[in-house]
Amino acid sequence: MRIEQLEYVAAVTQHGSLRRASERLHVSQPALSEAVSKLERELGVTLLDRRRSGARISRQGQDLLQNMVEVLEAVDRLKQAAGDQHTASLTVRVGTVNAATSTLLVPAARSFQDSVPGTTVEILNIQQAEIHQALIEGSLDLGLVNVLAGDEPILHLVGTDLLHGRPVVVLPADHALAAHDEVTIEQLREQRFVAMRAGYLMHRFAHRLFGASMPRVTHTTDGAEMGKLMVSEGLGVSVLPDYSVIGDPLERAGLITTRPIAGDRTRVTLVLLQRQTDHVPAAVRELHASLVAHARTAVA
């Protein structure tokens, strides 16, 4: 067994395919695949499920992944203790549904960068179910998702509540409805509406809010960031968690604003998820702490 074989398995798990892992590690794909196959034969287990769409860690591989990570971290600590300045920098991968990106995630990443120089934060904008799966498989370290009251927790994942809020109507600042203290569901139905695509919590909330009578003219998009931009450009109005809008650059610039939904008392929470494990890399713990600290500042 060689250390690079463990590194190859970890890289394939992180990047989702043998090809992408070989590109990141500057190793030919056949050589990487053969090295992993030799490790599988030595251990007597199948570490990777090889599919046409890519390679993913197998169930047996998941059971052994934490042990492999611990070995790699022990080697990394040994190199640091020996003064090796060429140790590869660690990448912390975060999946987000684009909630509170500019008001929480970016400031937290900036503080993390200052406290852990040389470590990369890789942010992936993906849907909630994909975040859950990637965290369980180990290809993501942290995930930011929106949760409605009553939603069931996900097995094998641990959640930390960061922000609590409510869904609000997002409007261009010069929209006629901005003159109202609140917006009714009937008024919303009469507007061009920018909806989140299926797979996002706000898509589920909109269908709960409007029932069978959705607004007549509806645009759809992925994530709050594009939704806010479309609203600012006059393509329609939207419904998003208030913590995804208040303090956003578009809101600070006076291009968009928010109003409560009349009669709606729904609560929504931004939750930071991670895989349930006894050992969490120091860099992941540091970014987790940075997110929690910035969330407390935002609440204060």
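Two strands pair if DSSP finds at least two bridges between them. Helices (H or I, at least four residues) and strands (E, at least two) are DSSP runs, numbered from the N terminus. This is a predicted model, in which local features need pLDDT of at least 70, side-chain atom pairs count only at pLDDT 80 or more, and totals for chains, interfaces and linings use all residues. Residues are numbered from 1 along each chain as its sequence is written, and side-chain values use heavy atoms, with hydrogens and water left out.

**Exercise 1. Lay out the sheet that holds S7 and S10, and find the bridge partner of Val170.**

Solution.
- Step 1: write down the strand order. It is S9-S8-S10-S7-S11, in an open sheet of five strands with mixed pairing.
- Step 2: mark the edges. Strand S9 (218-221) and strand S11 (256-260) each pair on one side only.
- Step 3: add the twist. From one strand to the next it averages 35 degrees. Axes are lines fitted to C-alpha atoms, for helices over the stretch in contact, and angles run from 0 to 180 degrees between N-to-C directions.
- Step 4: take one pair. Strand S7 (residues 167-172) and strand S10 (residues 237-241) run antiparallel and are joined by four bridges.
- Step 5: read off the partner. Val170 is bridged to Ser238 in S10.

**Exercise 2. Which strands does helix H9 touch, and which of the H9 residues are buried?**

Solution.
- Step 1: find the contacts, meaning heavy atoms within 4.5 Å. Helix H9 (residues 224-232) packs on the sheet and touches S7, strand S8 (193-196), S9, S10 and S11.
- Step 2: get the direction. H9 makes about 175 degrees with S8.
- Step 3: list the buried residues. Buried means under 20% relative accessible area, exposed over 50%, partly exposed in between (1.4 Å probe, protein chains only). In H9 they are Ala224, Gly227, Lys228, Met230, Val231 and Ser232.
- Step 4: see what covers them. The cover includes S7, S8, S9, S10, helix H10 (249-252) and S11.
- Step 5: zoom in on Ser232. Its relative accessible area is 18%. Beyond its neighbours within four places in sequence, Ser232 contacts Leu250, Leu255 and Ile256.
- Step 6: step past the helix. Just after H9, Gly234 has a positive phi of about 80 degrees.

**Exercise 3. Is Val237 buried or exposed, and what is Val237 in contact with?**

Solution.
- Step 1: place the residue. Val237 lies in strand S10.
- Step 2: check its area. Val237 is buried, at a relative accessible area of 1%.
- Step 3: set aside neighbours within four places in sequence. Among the contacts of Val237 that remain are Val170, Leu171, Pro172, His175, Phe193, Val194 and Val231.
- Step 4: try a distance. Val237 and Leu209 are 28 residues apart in sequence, and their C-alpha atoms are 15 Å apart in space.

**Exercise 4. Trace the sheet that holds S3, then work out the hand of the crossover from S3 to S4.**

Solution.
- Step 1: write the order. This open sheet of five strands runs S4-S3-S5-S12-S6, with mixed pairing.
- Step 2: mark the edges. They are strand S4 (120-125) and strand S6 (157-165), each paired on one side only.
- Step 3: add the turn. Neighbouring strands are turned by 25 degrees against each other on average, direction ignored.
- Step 4: lay the helix on. Helix H5 (residues 101-115) lies across strand S3 (91-96), S4, S5, S6 and S12, at about 175 degrees to S3.
- Step 5: check the pairs of S3. S3 and S4 pair in the parallel sense over six bridges, with Arg93 opposite Glu122 in S4.
- Step 6: follow the chain. It goes from S3 through H5 to S4, a right-handed β-α-β crossover. Right-handed means that, with the strands pointing away from the viewer, the path from the first strand over the helix to the second runs clockwise.
- Step 7: take the other side. S3 and S5 pair in the parallel sense over three bridges, and Val94 has Leu142 as its bridge partner in S5.
- Step 8: judge the burial. S3 is largely enclosed by the rest of the structure, because five of its six residues are buried.
- Step 9: move along the sheet. Strand S5 (residues 142-148) and strand S12 (residues 268-275) run antiparallel, joined by six bridges. Val147 is bridged to Thr269 in S12.
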